[in-house]
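Subject: Structure handover

Hello,

Here is the structure I promised to pass on. Please open it alongside this email; my notes follow below.

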Amino acid sequence: MSVSGIGYWLHPRWAGRGPATESVRALVRQGLLPTDVDHVEIRHDAAGPG
């Protein structure tokens with residue numbers, strides 16, 4: 001199984017408004033992820049900046 005990862009930080013005022021979700025969708029739509037990826041893991045650091 002092939003896994004691709006995405007990391008990001010988001011200002012709290014944008015949390016829950018969908019910009020991270022839309023960004024990942026755009027990556028998938030544009031084919032910017034490797035074609036052999038079975039799933040994408042997205043992680044965030046709750047203690048990170050923002």
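A question to start with: does Tyr8 count as buried, partly exposed or exposed? The model is a predicted one, so keep that in mind throughout. Tyr8 lies in the loop between S1 and H1. Its relative accessibility is 35%. Buried would require under 20%, and exposed over 50%. Tyr8 therefore counts as partly exposed.

Tyr8 also belongs to a nonpolar patch on the surface. The other members are Leu10, Trp14 and Ile42. Together the four have about 350 Å² of accessible area.

Confidence

Mean pLDDT for the protein is 76. Residues at 70 or more make up 78% of it. Among the elements, helix H1 (residues 19–29) has the highest mean, 83. Strand S2 (residues 39–43) has the lowest, 73.

Overall fold

The protein has 1 helix and 2 strands. In sequence order the pattern is β-α-β. Of its 50 residues, 10% count as buried. Take the contacts with a separation of 6 or more: 81% of them join residues 24 or more positions apart. The exposed area of the protein is about 4,200 Å². Carbon and sulfur atoms supply 54% of that area.

The strands

S1 and S2 run parallel, joined by 5 bridges. Within this pairing, Gly5 stands opposite Glu41 in S2. Side chains in a regular strand alternate between the two faces of the sheet. Strand S1 (residues 3–7) shows such an alternation. Ser4 and Ile6 point to one face and are buried. Val3, Gly5 and Gly7 point to the other face and are not buried.

The salt bridge

How many salt bridges does the structure hold? There is 1. It links Glu22 with Arg25, and their closest N and O atoms are 2.7 Å apart. Both residues sit in helix H1, 3 residues apart, so about one helical turn separates them. Glu22 has a relative accessible area of 41%, which means that it is partly exposed. Arg25 is partly exposed too, with a relative accessible area of 44%.

Where to look

Three places are worth opening on screen. One is the patch with Tyr8, Leu10, Trp14 and Ile42. Another is the parallel pairing of S1 and S2. The last is the salt bridge between Glu22 and Arg25.

Best regards

Definitions and conventions: Residues are numbered from 1 along each chain as its sequence is written. This is a predicted model: local features need pLDDT of at least 70, side-chain atom pairs count only at pLDDT 80 or more; totals for chains, interfaces and linings use all residues. Side-chain values use heavy atoms; hydrogens and water are left out. pLDDT is the predictor's confidence in each residue, from 0 to 100. Helices (H or I, at least four residues) and strands (E, at least two) are DSSP runs, numbered from the N terminus. Buried means under 20% relative accessible area, exposed over 50%, partly exposed in between (1.4 Å probe, protein chains only). Two strands pair if DSSP finds at least two bridges between them. Patches are made of residues with over 30% relative accessible area and no salt bridge: like charges are joined within 9 Å, nonpolar side chains (Val, Leu, Ile, Met, Phe, Trp, Tyr) within 5 Å. Accessible areas come from the Shrake-Rupley method with a 1.4 Å probe; for residues, only the protein chains shown count as cover. A salt bridge is a side-chain nitrogen of Lys or Arg within 4 Å of a carboxyl oxygen of Asp or Glu. Contact means heavy atoms within 4.5 Å.
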